[in-house]
Amino acid sequence: MTEENTRKGFAGASVELAGIVKHFGRTLACHGAHFSAQPGRISALVGENGAGKTTLMRVLAGRLRGDAGEITISGTPVRFKSPRDAGTLGIAMVEQESRLIGALSVLENIILGAEETKAGLLSRGAAGRKVEDICRRLGLAVSLDARADTLSPGERSSALIARALYRGAGILILDEPTSLLGSSQRAALFDVMRNLASSGATVIFISHKLGEVFQVADTITVLRKGATVFTRAKDDTSPAEVAGAMVEMAATEEHIERRSGEVAVELQNISTAGGNRVNLRGVWLQLLRGEITGIAGIAGNGQRALADVVGYVVEPESGWLALHPWDLEIRCVGEDVDSMDLAGSMRVWENVCLGREGEFARFYGLDSGKARRRASEMVRGFRITGEPDLPVSALSGGNRQRLVLARELSGKFDVLVAEEPTRGLDIAGAALVRKRLRKAAARGATVLVISYDLDELYALCDRILVIDSGRLVKPSTQLPPREELAELMTR
């Protein structure tokens, strides 16, 4: 970053993308998409998972080359061959997959590759002062001396933004930056974004969380199936209109009447030990066939330990876990479903087989035709943007998440343990997952849903319990008033 930029602020520029087309094999990720952003404003780009948001912004950031279309910066047409080309014009993109080197300090990560020198020697003092100035002016809360692998998600976001700004970014693209943040961390990030815009930067916010978009954005562009639906000022549209444009029609929740049955899983005075987490302490719980049981609670109160015990991932230190009958088929969908058991270099249909080779086996190997047919059903049923022969690495993060969920929720199972099953999904994707969970319960499966989203628990569950410091607390009724749940969670 030049001294002039440090004095004046983070000067942005107007951005125009027109007619952008991008193919991945036979998959059309962007179809004549257009987008614009202005300095001093926060421009949101919204759409379903797989709508083409990240692909479009990767074209702007020089990480992908479009097959057609034009990019102009402050009225001048540009063409990028690499992120370095985009970086020379002040464009930086902070993606969900952006990484820091854990063994280095925050400051070392920020200045790495763009070090300040004096007489040919590294000037850490000058670099540190510039980074401190950036952090102070924008309210970025992060310790520059801390090792990167000790950072919280919010601190990691701050470090990545500081790194981009240190390199002179005036056009900053933030791709789903709130996906791992708590409410206080999101509020802090939004303050940083507003400060950036006030300083003259062009801020582009990719999201599918409409509550956040309407909280912080100035303009909203909707992308659907790779094409732009509309761009409007926030005050000229509504969450309902944007949601409808994202999915062609507002997603509706299908109600399926569920039935309670006999006990399928029983925890008797279960306690756990070990691990870097809150453990269970004397937990008693019965899970019934045909019922969805929800677990509410503040994060870090034993949710992971409970999921691991019910899912047969770990054995309890004491107590007794009983299955009725003993050979129940148990499936688990983890909190970080995007990283679960996917091989990026393998094709979609091959990933469908992972862990289920027996389903697709024939006497001389895998039945690839059967696996491809199953993958096609999953692609259609879960609205995955892709095709069975596409490498998983070519899918967007949201589509990879849908693939994992499609694989785990397909086929026959007796018990399902679902931790945050719709976290990070868009409106339509979350509705699809909830519909599958309801159908599983309707056919007699036992479903345990662990979620920090009370709206989701009330929409899904037959009963809700609270976990607090490793103990289960039973509210006064099956579905108690929210005020009662909140009190039990925070007592």
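**Exercise 1. The nonpolar cores**

Find which residues of the largest nonpolar core touch the most other members, and which helix gives this core its largest share.

*Solution.* Begin with the membership: in this predicted model, the largest nonpolar core holds 53 residues, and those that touch the most other members are Ile 161, Leu 172, Met 193, Leu 196, Ile 220 and Val 242. Next, look at where the members come from: helix α6, which spans residues 153–166, supplies seven residues, the largest share of this core. Then take Ile 161 as an example; once its neighbours within four places in sequence are set aside, Ile 161 is in contact with Leu 140, Leu 172, Leu 174, Leu 189, Val 192 and Leu 196. Finally, turn to a second, separate core, which has 42 residues, among them Ile 292, Ile 384, Leu 416 and Leu 454. As background, nonpolar side chains in soluble globular proteins tend to be buried together.

**Exercise 2. An open sheet and its edges**

Work out the order of the four strands in the open sheet, and explain why one side of β2 and of β5 is left without a neighbour in the sheet.

*Solution.* The order of the strands is β2-β1-β4-β5, and their pairing is antiparallel. From this order the edges can be read: β2 (27–37) and β5 (76–78) each have a single partner strand, and therefore one side of each has no neighbour in the sheet. Neighbouring strands here are turned against each other by 30 degrees on average, with direction ignored. For a closer view of one pair, take strand β4 (residues 68–73), which pairs with β5 in the antiparallel sense over three bridges; Ile 73 stands opposite Thr 76 in β5. The last step adds a helix: α2 (residues 53–60) packs on the sheet and touches β1 (15–24), β2 and β4, while the direction of α2 makes about 115 degrees with that of β1.

**Exercise 3. The second largest pocket**

State how much space lies in the second largest pocket, and name the residues that lie nearest its centre.

*Solution.* The space in the second largest pocket is about 520 Å³. Its lining consists of 21 residues, and those nearest the centre are Pro 83, Gly 87, Ile 91, Ala 92 and Arg 167. To place the lining on the chain, note that α3 (83–88), β6 (91–94) and α6 are the elements that give two or more residues to it.

**Exercise 4. Two covered strands and their partners**

Decide whether the residues of β15 are buried or exposed, and then do the same for β10.

*Solution.* In strand β15 (residues 292–296), five of five residues are buried. The side chains go two ways, with Ile 292, Gly 294 and Ala 296 pointing one way and Thr 293 and Ile 295 the other, and all of these are buried. Now consider the partners: β15 pairs with strand β21 (residues 446–450) in the parallel sense over four bridges, and the bridge partner of Thr 293 in β21 is Leu 448. Strand β22 (residues 463–468) also runs parallel to β15, joined by four bridges, and here Ile 295 stands opposite Leu 465.

Strand β10 (residues 202–207) is likewise mostly covered, with six of its six residues buried. Thr 202, Ile 204 and Ile 206 point one way, and Val 203, Phe 205 and Ser 207 the other. Strand β3 (residues 42–46) pairs with β10 in the parallel sense over five bridges, and strand β9 (residues 171–175), which runs parallel to β10, is joined to it by five bridges. Ile 206 is the bridge partner of Leu 45, and Ile 206 is also the bridge partner of Asp 175.

**Exercise 5. Placing Asp 367**

Determine where Asp 367 is found, and why Asp 367 counts as buried or exposed.

*Solution.* Asp 367 is found in the loop between β19 (365–366) and α12 (368–381). Its relative accessible area is 19%, and because buried means under 20%, Asp 367 counts as buried. With neighbours within four places in sequence left aside, Asp 367 is in contact with Phe 360 and Arg 362. As for Cys 353, it lies 14 residues from Asp 367 in sequence, and the two are 9.8 Å apart in space, C-alpha to C-alpha.

Notes. Residues numbered from 1 in each chain as written. Predicted model: local features only at pLDDT ≥ 70, side-chain atom pairs only at ≥ 80, totals over all residues. Heavy atoms only, no water. Core = buried A, V, L, I, M, F, W, Y, C linked by side-chain atoms within 4.5 Å. Buried < 20%, exposed > 50% of the residue type's maximum accessible area, 1.4 Å probe, protein only. Contact = heavy atoms within 4.5 Å. Pairing = 2+ DSSP bridges. Axes fitted to C-alpha atoms, helices over the stretch in contact; angles between N-to-C directions. 1 Å grid on protein atoms, 1.4 Å probe; cavity = no way out; pocket = protein on both sides within 12 Å on 5 of 7 lines; lining within 4 Å. Points joined across faces, edges and corners; volume = space filled by probe spheres on them.
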